[in-house]
Amino acid sequence: METIAARALAARKYAKMTQKQAEAASGVKQSNISKIERGDTGRSMGLLALARAYRVDPNWLDTGDGPAPWDEVQLRPARDNANEPPGPYRVTRTPPSSPSFSPGTPGTVPLIAWTQAATWTGGAGRGPIDAERWIPCVAHHSAGNTYALRVRGDSMTAPHGHLKSYPAESIIFVDTLRTAPADGERIIARLESNNEVTFKVFKEEDGRRWLLPLNPRHEPIRAEFIVLGTVIGKWEDED
């Protein structure tokens, strides 16, 4: 395939996604996806996000070099690979610090402290929630069982543009009913050894589970842990 447009269209079709589903998985607007597939635009920063969503080699999508997604070399199993599986995930811009929403406003979730995440109990009848503020959730979520957190540290700051990055102070949304994540999903977990709550990539292979940071300067965590929830979206800073 000689053009970016042809490769982008073929990759989406191979991933069995509509343009709307590709928008939800990548954060790239449907109108921009349509432009790329029509050949109305050249190289785009959105290509990296689409490559991640379609699970294809970003170099192949951009230049045509490297394995296509249907090539056998692409089908090898991954181990310490942080790529995300296909699925709904929303990215949007950081909201202003005000106005705040009244607790329990439909479509909003509480922005809580990390200490609260360790003992979070959702659902009706849990009593008042001590939240920094209530903010709109960017993704479909389990009402009453989803919260937001401010990211701590740099272990989930990705070194490459083809992965979603979560720098310190960015906001993530966690659905606590999703406790059976797929390999590669981003999760909140509690370490059984010391009850520390951490944000990492969930990895599973041959019955073994571990936690993988996006930043290679941090070591994987291979201690026993309990999944507290799956990250379903984030607010993304303008810069």
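Let's start with Leu 50 and what it touches. Set aside its neighbours within four places in sequence. Leu 50 is then in contact with Ser 26, Val 28, Ile 33, Ile 36 and Leu 61. Keep in mind that this is a predicted model.

Where does Leu 50 sit? Its place is in helix α4. Is Leu 50 buried or exposed? Its relative accessibility is 1%, and the cut-off for buried is under 20%, so Leu 50 counts as buried. Now look at Ala 8. In sequence, Leu 50 and Ala 8 are 42 residues apart. In space, their C-alpha atoms are 8.2 Å apart.

Let's step back to the whole protein. How many helices and strands does the protein have? There are 6 helices and 9 strands. The protein has 239 residues, and 44% of them count as buried. Next, take the contacts in the protein with a separation of 6 or more. Residues 24 or more positions apart account for 65% of those.

Back to the helices. Helix α1 covers residues 4–14. Which of its residues are buried? They are Ile 4, Ala 5, Arg 7, Ala 8, Ala 10, Ala 11 and Arg 12. Notice that two arginines are on that list. What covers these buried residues? The cover includes α2 (19–26), α3 (30–38), α4 (46–54) and α5 (58–63). After α1 comes Lys 16, and its phi is positive, near 60 degrees. Hold on to that; we'll meet positive phi again.

Now three helix pairs. Take α2 and α4 to begin with. They pack at an angle of about 105 degrees, and their axes are 9 Å apart. The range for roughly perpendicular is 65 to 115 degrees, so α2 and α4 are roughly perpendicular to each other. Who makes the contact? From α2 it is Ala 22, Ala 25 and Ser 26. From α4 it is Ala 49, Leu 50, Arg 52, Ala 53 and Tyr 54. So our Leu 50 is part of this contact. By class, the residues divide into 6 nonpolar, 1 polar and 1 charged.

Next, α3 and α4. Their axes come within 12 Å and cross at roughly 95 degrees. That makes α3 roughly perpendicular to α4. On the α3 side, the contact is made by Ile 33, Ile 36 and Glu 37. On the α4 side, it is made by Leu 47, Leu 50 and Tyr 54. There is Leu 50 again. The count by class is 5 nonpolar, no polar and 1 charged.

Third pair: α2 and α3. The angle here is about 115 degrees, with the axes 9 Å apart. How does α2 pass α3? In a right-handed crossing. The α2 residues in the contact are Gln 19, Lys 20, Ala 22 and Glu 23. From α3 come Gln 30, Ile 33, Ser 34 and Glu 37. This contact divides into 2 nonpolar, 3 polar and 3 charged residues.

On to the cores. One general point before we look: in soluble globular proteins, nonpolar side chains tend to be buried together. Here, the largest nonpolar core has 23 residues. Which residues have the most contacts inside it? Tyr 147, Leu 149, Tyr 166, Ile 172, Ile 188 and Phe 199. The elements giving two or more residues to this core are α6 (114–117), β4 (146–150), β5 (171–175), β7 (197–205) and β9 (225–236). Strand β7 gives the most, with 3 residues.

Zoom in on Ile 172. Again, leave out residues up to four places away in sequence. Ile 172 touches Tyr 147, Ala 148, Leu 149, Val 151, Tyr 166, Ile 188, Phe 199, Val 231, Gly 233 and Lys 234. Apart from this core lies another, of 19 residues. Among them are Ile 4, Tyr 54, Trp 60 and Ala 68.

Last stop: positive phi. Most residues other than glycine have a negative phi. Asn 195 has a positive value, near 65 degrees. Where is Asn 195? In the loop between β6 (186–191) and β7. Asp 206 has a positive phi too, near 55 degrees. Its place is the loop between β7 and β8 (208–212). Is Asp 206 buried or exposed? At 67% relative accessibility, Asp 206 counts as exposed.

Key:
Residues are numbered from 1 along each chain as its sequence is written. This is a predicted model: local features need pLDDT of at least 70, side-chain atom pairs count only at pLDDT 80 or more; totals for chains, interfaces and linings use all residues. Side-chain values use heavy atoms; hydrogens and water are left out. A nonpolar core is a set of buried Ala, Val, Leu, Ile, Met, Phe, Trp, Tyr and Cys residues joined through side-chain atoms within 4.5 Å. Buried means under 20% relative accessible area, exposed over 50%, partly exposed in between (1.4 Å probe, protein chains only). Helices (H or I, at least four residues) and strands (E, at least two) are DSSP runs, numbered from the N terminus. Contact means heavy atoms within 4.5 Å. Axes are lines fitted to C-alpha atoms, for helices over the stretch in contact, and angles run from 0 to 180 degrees between N-to-C directions. A crossing is left-handed if the near helix is turned anticlockwise from the far one by less than a right angle, and right-handed if clockwise. Ala, Val, Leu, Ile, Met, Phe, Trp, Tyr, Cys and Pro count as nonpolar, Asp, Glu, Lys and Arg as charged, and the others, Gly among them, as polar. Angles under 35 degrees count as roughly parallel, over 145 as roughly antiparallel, 65 to 115 as roughly perpendicular and the rest as oblique.
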